[in-house]
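Welcome, and please open your viewer. We will take this tour one selection at a time, beginning with the whole chain and then moving inward.

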Amino acid sequence: TDITAFAFGLPKAELHLHLEGTLEPELKFALAARNGIELAEKTVEEVKATYDFTDLTSFLAVYYPAMRVLQTAEDFHDLAWAYLQKAKEQGVVHVEMFFDPQAHTSRGVPFENVITGYRRAALRAQQELGVSAELILCFLRDFSAEYAMATLMEALPYKAWILGVGLDSDERDNPPAKFAEVFARAKAEGFLTTMHCDIDQVGSIDNIRAVIEEIGVDRIDHGTNIVEDPSLVALAKERGLGFTTCPVSNSFVTSQMKADEIVGLLHEGVRVMVNSDDPAYFGAYVAENYVALAKQAGLEAADLAQLAINSFEASWLTPARRDAYV
Ligand code: ES4
Ligand code: ZN
């Protein structure tokens, strides 16, 4: 079979997608015009020329400043709605979308604008596209634990609209333990939890161990460096812990997709699946990530089907809804 057609047609869940990472240059221009913001780059080509990433730091240095075009609830709606239509074309039937409220509140945009805009797009996706869409609030780990806790408190009135909490941004010198209290409180409030364990981290395996054993997360984002500790792999497998891997993103922030690690874990029976991370910046939405991994690792349709099954099994759908897909 044609692996590309198969990858697109396969019903799948996307579990590692940063809404702010779906800002395409065309929408950036439209929002800038609407909000009276002057941009340094004047053409799509000029914007894309700034996408010169060699590591996470060089990516984040482009990613955060771009967000200044996002101001009103309508802007956040339009961003998420554009992504959700794209996701539908890629065979996504369920998505758990990360958002970074502190990337907005830190520059004076009210939390309410962010959450109400995103929520409206999520509801619209269910109604108009038949795509179920949920939100995961991520704390920025390079800000303080106090600011994360304040953000959690600000989110509580909107608890019904937020499935879980995560942790992203720059992992260096910002280990999981920094946010132990915030995550304990989030769990006590009924949120599910996940954390990024980035592939380029020195001492990554210690962070992965802490995230599993000390924080007690429900899922791990990236986390493929777990292969360094076979006993931890065995534990993750036994617990059915999900790992949201992002092959094309990996190839930008390191120089490799980490295909051997992803496929090794897949064939060992660990619950790994494939996601797009920041598709507007890395140039590949989720089905395109399936194709990229398949081509790199020589995967067959059955492997892609297993990745898609894993995407539902690792999702935070209720058991009844999850079972409808697998
Ligand atoms: C991210 Cl690639 C990556 N790593 C860490 N945090 C992020 N936020 C958005 N993309
Ligand atoms: Zn990510």
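Start with everything shown as a cartoon and coloured by burial: buried residues make up 49% of the 326 residues in the protein. What you have on screen is a predicted model.

**The whole protein**

Look over the secondary structure, which comes to 17 helices and eight strands. If you draw a box along the principal axes, the C-alpha atoms fill roughly 50 × 45 × 40 Å. Does the radius of gyration agree or disagree with that of a compact globule? For 326 residues such a globule would have a value near 20 Å, and the protein has 18 Å, which agrees. Next, think about contacts between residues with a separation of 6 or more: 76% of them join residues 24 or more positions apart.

**Strand β4**

Now select residues 164-168, which form strand β4. Is this strand largely enclosed or not enclosed by the rest of the structure? Five of its five residues are buried, so β4 is largely enclosed. Turn the strand to view each face: Gly-164, Gly-166 and Asp-168 are on one side, while Val-165 and Leu-167 are on the other. Both faces are covered.

**The neighbours of β4**

Add residues 132-140, strand β3, which runs parallel to β4 and is joined to it by five bridges. To find your place in this pairing, pick Phe-139, which stands opposite Leu-167 in β4. Then follow the chain from β3 through helix α8 (residues 145-155) to β4; this β-α-β crossover is right-handed.

Strand β5 is the next selection, at residues 192-197. Two bridges join β5 to β4, and these strands also run parallel. Here, Val-165 has Thr-193 of β5 as its bridge partner. The path from β4 to β5 goes through helix α9 (residues 180-188), and this β-α-β crossover is right-handed.

**Around ligand 1**

Centre the view on ligand 1. Which residues are around it? Select His-18, Gly-21, Leu-56, Phe-59, Asp-168, Ser-169, His-196, Asp-198, Ser-249, Val-253, Asp-277 and Asp-278. Colour this shell by residue type and you will find three nonpolar, five polar and four charged residues. Two helices to highlight here are α4 (56-66) and α12 (247-253), each of which supplies at least two residues of the shell. Asp-168, which you met as a buried residue of β4, is also part of the group around the ligand.

**The loop between β4 and α9**

Stay with Ser-169, found in the loop between β4 and α9. Its phi is near 75°, a positive value in a residue other than glycine. Ser-169 is buried, with 20 other C-beta atoms within 10 Å.

Move along to Asp-173, whose place is also in the loop between β4 and α9. Asp-173 has a positive phi of about 65° although it is not a glycine. Is Asp-173 buried or exposed? With 8 other C-beta atoms within 10 Å, Asp-173 is exposed.

**Last stop: Val-202**

Finish in the loop between β5 and α10 (204-215), where Val-202 lies. Val-202 has 8 C-beta neighbours inside 10 Å, so it counts as exposed. Try your distance tool between the C-alpha atoms of Val-202 and Ser-144: they are separated by 21 Å, and the two residues are 58 residues apart along the chain.

Definitions and conventions: Residues numbered from 1 in each chain as written. Chains lettered and ligands numbered in written order. Predicted model: local features only at pLDDT ≥ 70, side-chain atom pairs only at ≥ 80, totals over all residues. Helix = DSSP H or I, 4+ residues; strand = E, 2+ residues; numbered from the N terminus. Rg over C-alpha atoms; globule rule 2.2 N^0.38 Å. Buried ≥ 20, exposed ≤ 12 C-beta atoms within 10 Å, placed from the backbone. Contact = placed C-beta atoms within 7 Å. Pairing = 2+ DSSP bridges. Right-handed = clockwise from strand over helix to strand, strands pointing away. Near = placed C-beta within 6 Å. Nonpolar A, V, L, I, M, F, W, Y, C, P; charged D, E, K, R; others polar.
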